[in-house]
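Open the model in your viewer and keep the sequence panel in sight. We will go from stop to stop, and at each one you will hear what to select and what is there.

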Amino acid sequence: MIVPNVLNSFTVGQSVRSESKVVGNFRFRILVFPCGTHSTRGDQVSAFVEADPLEHLDPRWCFQGVKYQVAVVHWLDYRKTVAKMDTWTFSKDGIDRGWHDMVRTSELSQESGWLGPENSLYLRASCYVRQGDRSEEH
């Protein structure tokens with residue numbers, strides 16, 4: 001996901017979502033706050049994996065033990081990329097999971113390598129789903 005014009009288009013608490021991707025029957029997207037959340041007072045880029053449940057799922061859908069990773073990619077030196085991973089059970093009561101402290105917003109510039117062309121921020125996410133949702137059980 002590339003978020004253009006980070007410095008001019010976003011304020012603290014303002015979010016943007018990526019297009020959804022599907023792994024098995026788990027659909028997810030990246031939820032990012034390029035200028036941080038109110039809880040960090042805008043000091044950190046915040047990024048999360050957000051479940052985007054398929055329409056046919058049972059209202060009690062649940063994806064247990066999803067291994068997920070979110071990365072803020074460094075444009076100039078990939079080795080400086082900040083990647084965090086964890087495991088979470090996604091459900092309608094816990095629809096997103098991630099981190100409020102990915103990269104300091106004060107470091108966002110093309111010179112630092114955190115912003116690329118058009119002052120864009122580059123994020124990646126991946127999910128590994130071991131089990132399907134419970135709606136398959138009848």
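The tour below starts with how far to trust the coordinates and then moves through the sheet, the core, one histidine and a few single residues.

**Before you start**

This is a predicted model, in which local features need pLDDT of at least 70 and side-chain atom pairs count only at pLDDT 80 or more, while totals for chains, interfaces and linings use all residues. Residues are numbered from 1 along each chain as its sequence is written, and side-chain values use heavy atoms, with hydrogens and water left out.

**Stop 1: colour by confidence**

Colour by pLDDT, the predictor's confidence in each residue, from 0 to 100. The mean pLDDT of the protein is 92, and 94% of its residues reach 70 or more. Now select residues 132-138: here pLDDT stays under 50. The model has 13 contacts (heavy atoms within 4.5 Å) for this stretch beyond four places in sequence. Where pLDDT is low, the predicted coordinates should not be read in detail.

**Stop 2: an open sheet**

Switch to a cartoon view. Strands (E, at least two residues) and helices (H or I, at least four residues) are DSSP runs, numbered from the N terminus, and two strands pair if DSSP finds at least two bridges between them. Which order do the strands of the open four-stranded sheet take? The order is 1-9-6-7, with antiparallel pairing. Strand 1 (2-3) and strand 7 (82-91) are the edge strands, each pairing on one side only.

Select strand 1 and strand 9 together: they run antiparallel and are joined by two bridges. I2 has Y122 in strand 9 as its bridge partner. Next, add strand 6 (residues 62-73), which pairs with strand 9 (residues 121-128) in the antiparallel sense over seven bridges. Two positions to label here are V72, whose bridge partner in strand 9 is L123, and K67, which stands opposite Y128 in strand 9.

**Stop 3: the largest nonpolar core**

A nonpolar core is a set of buried Ala, Val, Leu, Ile, Met, Phe, Trp, Tyr and Cys residues joined through side-chain atoms within 4.5 Å. Buried means under 20% relative accessible area, exposed means over 50%, and partly exposed lies in between (1.4 Å probe, protein chains only).

Show F26, F90, M102, L108, L121 and L123 as sticks: of the 31 residues in the largest nonpolar core, these touch the most other members. Strands 4, 5, 6, 8 and 9 each supply at least two residues of this core, and strand 6 gives the most, with five residues. Then centre on L108. Leaving aside residues up to four places away in sequence, L108 touches V6, L7, P34, V45, V103, W114, L115 and L121.

**Stop 4: H100 and its neighbours**

Move on to H100, which sits in strand 8 (residues 96-104). H100 counts as partly exposed because its relative accessibility is 35%. Which side chains make polar contacts with the side chain of H100? One is that of T37, at 3.1 Å, and another is that of S39, at 3.4 Å. (A polar contact is a pair of N or O atoms within 3.5 Å; within protein, one must be able to donate a hydrogen and the other to accept it, and residues adjacent in sequence count only if both atoms are side-chain atoms.) H100 and S39 are 61 residues apart along the chain, and their C-alpha atoms are separated by 8.2 Å.

Q44 is also among the residues that H100 touches. Select Q44, in strand 5: Q44 counts as buried because its relative accessibility is 15%. Beyond four places in sequence, the residues it touches include F33, C35, D101 and M102.

**Stop 5: two positive phi values**

Most residues other than glycine have a negative phi. Select R41, in the loop between strand 4 (26-33) and strand 5 (44-51): the phi of R41 is near 55°, a positive value. R41 is exposed, with a relative accessible area of 64%. Then select N5, in the loop between strand 1 and helix 1 (6-9). Phi of N5 is near 50°, also positive, and N5 is partly exposed at 32%.

**Last stop: the cysteines**

How many disulfides (pairs of cysteine sulfur atoms within 2.5 Å) are there? The count comes to zero. C62 has the sulfur of C127 as its nearest cysteine sulfur, 14 Å away. C62 is buried, with a relative accessible area of 9%, and C35 is buried too, at 15%.

Conventions:
A disulfide is a pair of cysteine sulfur atoms within 2.5 Å.
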